[in-house]
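Me: I'm new to this one and keep wondering how the labels get decided. Could you walk me through it?

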Amino acid sequence: MPGPGVELIGDEEIAEVLEVLTSRFLSRYGPSDDPAFGAKCRRVEQEIAALAGVKYGLALSSGGSGGLWLSLLGLGIGPGDEVIVPGFTFVATISAVVYARAVPVLAEIDQTFNLDPSDVEARITPRTKAVIAVHMLGAPARLTELKAIADRHGIALIEDCAQAFGASFGGRGVGGIGTIGVYSFNEYKTITCGDGGMIVTDDEGLYERCFAMHDQGHAPDRLGSKYATRPFLGMNFRMTELSGAVLLAQLHRLDAIRAHLRANKAIVRAALADLTGLEFRSLADPDGDVATHCVVVLPSAAIARDIAAEVGSITLAESGWHVYTNMEHVLEKRTVTGKGCPFDCRCFNEEDVVYRRGMLPRTDELLARSISFGIGVFDTNLAPFGLRMRDDADVARERAAQFRAVAGKYLAA
């Protein structure tokens with residue numbers, strides 16, 4: 001069971017889905033005057049937008065790549081533009097920029113395991129049009145600094161909240177602080193509807209452009225006919241009512257999920273806190289951590305590798321397509337056609353874009369020394385060792401003691 005929400009699927013989700021099947025309104029569109037139409041997508045959009053403190057939510061069939069791609073297009077980003085992204089993020093963040101035909105500019109992370117604001121500012125050029133702040137491993141990036149940088153340079157701040165739904169910053173849900181936020185709801189995320197995602201924003205014009213792009217160019221027409229004015233050509237990223245129904249039930253579990261994860265993470269932290277040489281990840285807002293991961297930083301890469309191997313885990317440097325050094329298709333700039341922008345064009349650059357291993361030395365060094373102790377998320381590419389959502393306090397103490405015994409042996413050496 002990869003993420004917290006999957007383990008809790010039960011009668012509530014089944015009831016919501018049966019309501020949709022019984023109504024036979026499987027599309028997000030239905031007659032507003034028919035009480036059988038539950039408008040699940042519309043309802044979950046409204047509730048999630050309210051959590052983010054913004055006016056608009058847009059349910060999608062794809063979150064990570066699709067939602068980010070739509071956001072970039074809605075912002076008018078394309079050939080000749082640059083978008084700054086962290087070197088530690090799932091590959092979908094980078095893919096979305098590439099298929100918007102803009103150039104991804106990789107930047108360092110800091111002890112939050114999210115973008116380093118000082119490195120972001122150093123990489124801004126006249127071609128930079130956006131920064132994507134990815135909230136990795138359940139905790140928000142340094143949004144105060146990143147937003148100030150984006151505002152100062154007149155560029156968009158996109159929040160990639162795929163791994164941090166339910167997290168907050170300064171008391172406000174992540175996703176609602178930047179220009180636009182994107183959530184993912186696949187099975188590895190805090191809550192799930194199998195696949196799918198959502199965009200949230202306070203910008204009406206941006207929302208309308210994203211809506212049109214996600215629904216064959218139609219202007220927003222939420223509960224009535226599926227036909228409306230078409231401002232431009234679009235595609236189809238609509239969420240179905242079936243997915244919306246599952247997501248609505250899952251959303252109502254969010255408070256319980258957060259409380260349980262945070263309680264178990266507190267147990268794990270307390271058990272490891274006095275180990276000499278072991279440090280915890282810095283949190284930009286400790287109260288806003290959704291607590292799906294407890295990241296520990298060790299004195300050296302060798303110690304981290306040894307501990308990870310003995311407990312049956314991996315270092316974060318080994319976390320597959322979450323690290324730029326492991327993304328061979330990015331390093332080799334491979335796209336589906338192999339031609340056109342951003343890598344086979346001369347929109348602005350006189351030299352080829354180059355990605356190579358070792359180009360982000362601070363990121364490389366930090367990830368090599370770090371391990372994530374999963375707290376409710378089991379992902380063989382991020383956190384193979386840890387807790388599941390249904391594990392209670394006794395199991396949390398047992399697993400923490402197991403990790404402590406192994407780590408203590410190497411840290412004392």
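Me: What do the buried residues of α14 pack against?

Reply: This is a predicted model, and in it they pack against α10 (254-272), β11 (293-297), α11 (301-311), β12 (370-375) and β13 (386-387). Packing here rests on contact, meaning heavy atoms within 4.5 Å.

Me: Which residues of α14 are buried?

Reply: Val395, Ala396, Ala400, Phe403, Val406, Ala407 and Leu411. To earn that word, a residue needs under 20% relative accessible area.

Me: Why are those buried residues said to be on the same side of α14?

Reply: Look at the arc they cover around the axis: only 135°, which is why they end up on the same side of α14. The face turned away from that buried side carries Glu398 and Ala405, and these two are exposed.

Me: How do you know what span to expect for α14, and what does the helix reach?

Reply: The expected span is 1.5 Å times one less than the number of residues. Helix α14 (residues 393-411) has 19 residues, so 27 Å is expected, and the helix reaches 26 Å from its first C-alpha to its last. That's close to the expected value.

Me: What makes Asp392 a cap for α14?

Reply: A side-chain oxygen of Asp392 lies 3.1 Å from the backbone nitrogen of Asp394, at the N-terminal end of the helix. A polar contact needs N or O atoms within 3.5 Å, so this pair makes the cut.

Me: Why is Lys265 called buried?

Reply: Its relative accessible area is 8%, and buried means under 20%, so Lys265 qualifies. You'll find Lys265 in helix α10. Leaving aside neighbours within four places in sequence, Lys265 is in contact with Asp289, Ala291, His293, Cys294 and Ile375.

Me: Over to the sheet: what makes β1 and β3 edge strands?

Reply: The open sheet has 7 strands in the order β1-β9-β8-β5-β4-β2-β3, with mixed pairing. Strands β1 (56-60) and β3 (103-107) each pair on one side only, and that's what puts them at the edges. From one strand to the next, the twist averages 20°.

Me: How do you know that β2 and β4 pair?

Reply: Two strands pair if there are at least two bridges between them. Strand β2 (residues 82-86) and strand β4 (residues 128-134) are joined by 3 bridges, so they count as paired, and they run parallel. Glu82 stands opposite Thr128 in β4.

Me: Which strands does helix α5 touch?

Reply: Helix α5 (residues 91-99) packs on the sheet, touching β2, β3, β4 and β5 (156-160). The direction of α5 makes about 150° with that of β3.

Key:
Residues are numbered from 1 along each chain as its sequence is written. This is a predicted model: local features need pLDDT of at least 70, side-chain atom pairs count only at pLDDT 80 or more; totals for chains, interfaces and linings use all residues. Side-chain values use heavy atoms; hydrogens and water are left out. Helices (H or I, at least four residues) and strands (E, at least two) are DSSP runs, numbered from the N terminus. Axes are lines fitted to C-alpha atoms, for helices over the stretch in contact, and angles run from 0 to 180 degrees between N-to-C directions. Buried means under 20% relative accessible area, exposed over 50%, partly exposed in between (1.4 Å probe, protein chains only). The arc is that of the directions from the helix axis to the C-beta atoms. A polar contact is a pair of N or O atoms within 3.5 Å; within protein, one must be able to donate a hydrogen and the other to accept it, and residues adjacent in sequence count only if both atoms are side-chain atoms.
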